[in-house]
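Open the model in your viewer and show the whole chain as a cartoon. The tour moves from the overall fold to single side chains.

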Amino acid sequence: MAKPDDRSDNVEKLQDAIQDTIENFREGQDYLSEHADEISGEEKAQIEAKNERRLHSIEGFREEVKDEADDARK
C-alpha cells in the first residue's frame, strides 16, 4: 500500500533548497570574480550558464513555495 502524501514539510525543504542554490550561485559569482583572468572563456561561459540555471531554479522554487502556502490555506 502506498504511503499517504505528507506535504507538511515541503515549504521547509523548498526554502532549504532555495538557500543552498543561492549559496551555490554566490560561490560561482565569487569564483568568477577571483579567477576571471585565470580561466578559459569556455569555463567562464559554463559557470555563467550554470548560474543562469540556478536563478531559474530559485524562481521555480519560490513559485512552489507560494503554491504550497496557497494549498495549506485551503
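## The whole chain

This is a predicted model. Begin with its contacts: of those in the protein with a separation of 6 or more, 71% join residues 24 or more positions apart. Colour by secondary structure next. The protein has 2 helices and 0 strands.

Now turn the C-alpha trace along its principal axes. The trace spans about 55 × 30 × 15 Å. The radius of gyration is 17 Å, while a compact globule of 74 residues would have one near 11 Å.

Switch on the surface. About 6,000 Å² is exposed, and carbon and sulfur atoms supply 45% of that area. Buried residues account for 20% of the 74 residues.

## Stop one: R54

Select residues 41-73. This is helix α2, and R54 lies in it. Show the R54 side chain as sticks.

Is R54 buried or exposed? R54 is buried, yet it has no salt bridge. Side chains of opposite charge can pair when their charged atoms come close. Which side chain of opposite charge is nearest to R54? Select E27: this nearest candidate is 6.8 Å away. A salt bridge needs the nitrogen and the carboxyl oxygen within 4 Å, so the R54 and E27 pair does not qualify.

Add N51 to the selection. The side chains of R54 and N51 make a polar contact at 2.7 Å. Then add T21, N24 and F25. R54 touches these three, leaving aside residues up to four places away in sequence.

## Stop two: G60

Stay in helix α2 and select G60, which also has its place there. G60 counts as partly exposed because its relative accessibility is 29%, and the buried class ends at 20%.

Select L14 as well and draw a distance between the two C-alpha atoms. How far apart are G60 and L14 in sequence and in space? They are separated by 46 residues in sequence and by 9.9 Å in space, C-alpha to C-alpha.

## Stop three: D9 and K13

Finish with the charged pair. How many salt bridges does a search of the whole structure find? The search finds 1. Select D9 and K13 to see a salt bridge, with the closest N and O atoms 3.5 Å apart.

Keep D9 selected and bring the surface back. D9 counts as partly exposed because its relative accessibility is 28%. For a last look, return to R54, which is buried and without a salt bridge.

How values were computed:
Residues numbered from 1 in each chain as written. Predicted model: local features only at pLDDT ≥ 70, side-chain atom pairs only at ≥ 80, totals over all residues. Heavy atoms only, no water. Helix = DSSP H or I, 4+ residues; strand = E, 2+ residues; numbered from the N terminus. Buried < 20%, exposed > 50% of the residue type's maximum accessible area, 1.4 Å probe, protein only. Lys, Arg positive; Asp, Glu negative; His and termini not counted. Polar contact = N/O pair within 3.5 Å; in protein donor to acceptor, adjacent residues only side chain to side chain. Contact = heavy atoms within 4.5 Å. Rg over C-alpha atoms; globule rule 2.2 N^0.38 Å. Areas by Shrake-Rupley, 256 points an atom, 1.4 Å probe, with all protein chains shown as cover.
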